[in-house]
Amino acid sequence: MNPSISTVMLSVEGHQFAIDLADNETAAAFAAMLPLQTEMSELNRNEKYVYLDSSLPSNASNPGTIEAGDVMLYGNNCLVVFYESHATSYAYTRIGKIADASDLAAVVGSGSISASFDAA
């Protein structure tokens, strides 16, 4: 990964969201995969997810609470973007956090989305 990449842009329906990357091996490996164009599926009315073609390094832990805008890795190959805050009993590896997720839920809606991730 280019060490200067600390922010990734998520584009959905013409809207841009800046993701501040975590300082970990998972975020670095994710940034190295970019650009990424994908279809993300809906789950539980609080997240969008996609299974990646390759595995990323993971160090999962239970955060207790998920916040809207969290970008996480479930297992070693499932990229998840959360658009609603909620308690969780699942373990994730943090990739990053959307800097301003105030209109994220309205933009992503309730179904599948086309999303692109690229270095900022």
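Let me start with the largest nonpolar core, a set of buried Ala, Val, Leu, Ile, Met, Phe, Trp, Tyr and Cys residues joined through side-chain atoms within 4.5 Å, where buried means under 20% relative accessible area with a 1.4 Å probe, exposed over 50% and partly exposed in between, protein chains only. It has 30 residues, of which Leu10, Phe30, Leu79, Ile98 and Phe117 touch the most other members. This is a predicted model, in which local features need pLDDT of at least 70 and side-chain atom pairs count only at pLDDT 80 or more, while totals for chains, interfaces and linings use all residues. Residues are numbered from 1 along each chain as its sequence is written, and side-chain values use heavy atoms, leaving out hydrogens and water.

Now to the strands, which are DSSP runs of E, at least two residues long, numbered from the N terminus. Eight of them form a closed barrel in the order 1-2-9-6-7-4-3-10, with antiparallel pairing, where two strands pair if DSSP finds at least two bridges between them.

Which strand is largely enclosed by the rest of the structure? That is strand 7, because five of its five residues are buried. Cys78, Val80 and Phe82 lie on one side of strand 7, and Leu79 and Val81 on the other. On the barrel, strand 7 pairs with strand 4, residues 47-51, over five bridges, with Cys78 as the bridge partner of Tyr51. Strand 7 also pairs with strand 6 over four bridges, and here Leu79 stands opposite Leu73. The hairpin of strand 6 and strand 7 has three residues between the strands, and in it Gly75 takes a positive phi near 65°.
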